[in-house]
Amino acid sequence: YADHRDLHLSLRRQRQMCIRDRHKLTLIREKTTGHKIFRELVTEVATLVAFELTRDLATIPTEIVTPMMATTGNTVSGKDVVLVPILRAGLGMVDGLIQLIPNARVGYVGMERDEETHKPVHYYFKVPKQPENRSFIILDPMLATGGTAIATANSLKDLGATRIKFMCLIAAPEGREAFCETHPDIEVYTASLDEKLDDNKYIIPGLGDAGDRLFGTK
Ligand code: URA
């Protein structure tokens, strides 16, 4: 719990999702969990984190009639929301968010490291027109060094986007710091803040390679 407090005190903009029993995240981490169950769990946990993330999504007062009386409810348009999964592991989170925002649009970002500059560059980038009028949610299950997340946010801002959030399942302190320092205006939502990165920039304890585990490529 010290971690939770520290997170809220030192980084107001980052919130850690409180999954009551942490059960599903534990199953995701377990190395014997196969890709079918892994995929289902990633969808479920993405939905849980999305509950927190969509808390301030604008709703439209809507007149309806229940079997008892006329009343005013709230509906979510969601058409101005754009999910931006970072290929390839971010794809695993799309279904979880669509459960809550069925009308969301989906952009795609493919990132790779430039062999000479060692900086992340995108080889694929497709988002809807008029980005200045939309709310973007960048998706990547692992916030490790923060390099691709930072570059993706840079690209969206270059296009004129002003409303951006970032969502992952597991964040490393190194990635959280790098991201929040570069983009202090972007809220980061995560199910867990882990210990650290190892020498190969994998998150410890983490869950291994999220893309390989999602798509069964190992
Ligand atoms: N990407 C992954 O898939 N796993 C990590 O631990 C770090 C980056």
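The following exercises, each with a worked solution, concern the fold and the backbone of one predicted chain.

In this predicted model, local features need pLDDT of at least 70 and side-chain atom pairs count only at pLDDT 80 or more, while totals for chains, interfaces and linings use all residues. Residues are numbered from 1 along each chain as its sequence is written, and side-chain values use heavy atoms, with hydrogens and water left out.

**Exercise 1. Overall form**

Determine how many helices and strands the chain has, and how its radius of gyration relates to the globule rule.

*Solution.* Step 1: the chain has 7 helices and 15 strands; these are DSSP runs numbered from the N terminus, with helices (H or I) of at least four residues and strands (E) of at least two.
Step 2: the radius of gyration, taken over C-alpha atoms, is compared with a rule of 2.2 Å times the number of residues to the power 0.38. The value is 18 Å, close to the 17 Å given for 218 residues, so the chain is as compact as a globular protein of that length.
Step 3: the C-alpha trace spans about 60 × 40 × 40 Å along its principal axes.

**Exercise 2. Burial and contacts**

State what share of the residues is buried and what share of the contacts joins residues at least 24 apart.

*Solution.* Step 1: buried residues (under 20% relative accessible area; exposed is over 50%, partly exposed in between; 1.4 Å probe, protein chains only) make up 45% of the 218 residues.
Step 2: a contact means heavy atoms within 4.5 Å. Among contacts between residues at least 6 apart in sequence, 62% join residues at least 24 apart.

**Exercise 3. Cis peptide bonds**

Identify the residues joined by cis peptide bonds and place R88 and P205 in the chain.

*Solution.* Step 1: most peptide bonds are trans.
Step 2: L87 and R88 are joined by a cis bond with omega of about 0°; R88 belongs to the loop between β4 (81-87) and α4 (91-98).
Step 3: I204 and P205 are likewise joined by a cis bond, with omega of about -5°. P205 is in the loop between β15 (203-204) and α7 (210-215).

**Exercise 4. Positive phi**

Locate Q130 and K201, and give the phi of each.

*Solution.* Step 1: most residues other than glycine have a negative phi.
Step 2: Q130, not a glycine, has a positive phi of about 55°. Q130 sits in the loop between β7 (120-126) and β8 (135-139) and is partly exposed, at a relative accessible area of 46%.
Step 3: K201, also not a glycine, has a positive phi of about 70°, and its loop runs between β14 (196-197) and β15.
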